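Let's walk through this one together, from the parts to treat with caution to the parts that pack together. Keep the viewer open as you read.

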Amino acid sequence: MTWLASIPFPGLNLIMSAKTLRRRLHHGDVDGRREENFDTSGYDSLNEPLLGSHEHDDMPAGGRTLDDIWNSEGRREHLHWTFILSQLIAEWAQWLANIVLGSGSLIGRFLPFAAQSGSNRNLLHPYLSPLQISYAQMVCFKEERLGNLRRRLGVPFDGSQVEHQDALKLLWRLAYPGRELPELKSELWKEMGWQGSDPSTDFRGGGFISLENLIFFAKKFPDSFQRLLHKKDGNRAEWEYPFAIAGINISFMLIQMLGLQTGKLSTPAGIKFVELLAGDEMAFDNLYCVAFQMMDAQWLAKRASYMEFNEVLKSTRTQLERELALEDVRSVKDLPAYNMLTG
């Protein structure tokens, strides 16, 4: 039987690739209030936001836990390896059937269900229910999208890169259609709410993703974007918050709230966000738009001025966490505050 050693094993690649699908979620404290400790290693672009530190105590960890989403670590691991093993058995059975039951074999001439020569038809299928297959695929889908988002978080803004320069220029065109594009260093950028004449110096608080968030907001919700940019709603303070800098702070706040820096999505908001991400690859950007509109509404309700921005941002986070905790929220569009963007 030494001839078997020379035949490639069809499931080997599946076993090797399975290692890339594994990931463990670590539970955080769930017995009361606690402070968040954010490990920013690996995220050099994500430092303290420009308008100050936003320390925030987490809500009591009630409601849904990791067990509610993954139905316990043991079940997740079991389903994952059951799926892989079933696929492996199916491939091995198909390979064996092609040899034993092939149309050129003696048995194949008498069995009507034998594989036809050159056919790719599967004789056996994994003994896995559609629900189990769907669950395993959903887990992998979440992991892939979460990984893509984390890669975005790791990109710092680099004013020397043409791609980043073009993105900044695009933001200007979206904010001020019809106006002449200024130089990358110009006093005109202050009109958008940058601290100085060079916007590239203001991204240390949020990285390149904060610029992507602003562009996404301007493209998807242009009316809301323009209202907030030009402060068209309500009775405004004499000393208003700077629009662009506020946007960077909102990106930073969301990253903290969801626990995306630590890699441990143990907060209720972070756990719910993973659900939203499974159904919407741009869930983070959409949530950003809701948070920005929500922050402006909080600003008006409190009749706040520039020095109270951090307090307003903290209130925005609290309200957003409450809305994410609602049981009937299955997408960003289900958030009550989403209506402010489209109303």
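## A walk through the model

Start with residues 52–73, where pLDDT (the predictor's confidence in each residue, from 0 to 100) stays under 50. For that stretch the model has 57 contacts beyond four places in sequence, a contact being heavy atoms within 4.5 Å. Residues 103–126 also stay under 50, and for them the model has 36 contacts beyond four places in sequence.

This is a predicted model, so local features need pLDDT of at least 70 and side-chain atom pairs count only at pLDDT 80 or more, while totals for chains, interfaces and linings use all residues. Residues are numbered from 1 along each chain as its sequence is written, and side-chain values use heavy atoms, with hydrogens and water left out.

Across the protein chain, pLDDT averages 74, and 58% of the residues score at least 70. Among the elements, helix α1 (residues 12–18) has the lowest mean pLDDT, 37, and α6 has the highest, 98.

Now for the overall layout. The protein chain has 12 helices and zero strands; helices (H or I, at least four residues) and strands (E, at least two) are DSSP runs, numbered from the N terminus. Of the 343 residues, 45% count as buried. Buried here means under 20% relative accessible area, exposed means over 50%, and partly exposed is in between (1.4 Å probe, protein chains only). The chain exposes about 18000 Å², and carbon and sulfur atoms supply 54% of that; accessible areas come from the Shrake-Rupley method with a 1.4 Å probe, and for residues, only the protein chains shown count as cover. Among contacts between residues at least 6 apart in sequence, 72% join residues at least 24 apart.

Take α6 next. Its 13 residues (208–220) should span 18 Å at 1.5 Å a residue, and the end C-alpha atoms are indeed 18 Å apart. The expected span is 1.5 Å times one less than the number of residues. In α6, 10 of the 13 residues are buried, so the helix is largely enclosed by the rest of the structure. Among those buried residues are F208, N213, F216 and F217.

What about α8? Its 16 residues (243–258) should span 22 Å, and its end C-alpha atoms are 23 Å apart, which agrees. Here 16 of the 16 residues are buried, so α8 is largely enclosed by the rest of the structure. Just after α8, G259 takes a positive phi of about 70°.

On to the packing. In soluble globular proteins, nonpolar side chains tend to be buried together. A nonpolar core is a set of buried Ala, Val, Leu, Ile, Met, Phe, Trp, Tyr and Cys residues joined through side-chain atoms within 4.5 Å. The largest one in this model has 68 residues, of which M192, W194, L254, L260, F292 and L320 touch the most other members. The elements that give two or more residues to this core are α4 (130–153), α5 (162–175), α6, α7 (222–229), α8, α9, α10 (283–302) and α11 (309–324). Pick out M192 and, not counting residues up to four places away in sequence, you'll find it touching L171, W172, A175, Y176, L229, F243 and A244.

Which polar or charged residues deserve a click? Try K272, in helix α9 (residues 268–279). K272 is buried, with a relative accessible area of 5%, and beyond four places in sequence it touches L324, A325, L326 and V329. K272 and L258 are 14 residues apart in sequence, with their C-alpha atoms 9.0 Å apart in space. In helix α10 sits N286, which counts as buried at 4% relative accessibility. Leaving aside neighbours within four places in sequence, N286 is in contact with F216, K220, F221, D280 and V332.

F216 and V332 come up again around M282, which is found in the loop between α9 and α10. M282 is partly exposed, with a relative accessible area of 31%, and beyond its neighbours within four places it is in contact with R152 and F216. The C-alpha atoms of M282 and V332, 50 residues apart along the chain, are separated by 9.7 Å.

Finally, check two backbone spots. K231 has a positive phi of about 55° although it is not a glycine; K231 lies in the loop between α7 and α8 and is buried, at 15%. R303, also not a glycine, has a positive phi of about 50°. R303 lies in the loop between α10 and α11 and counts as exposed at 76% relative accessibility.
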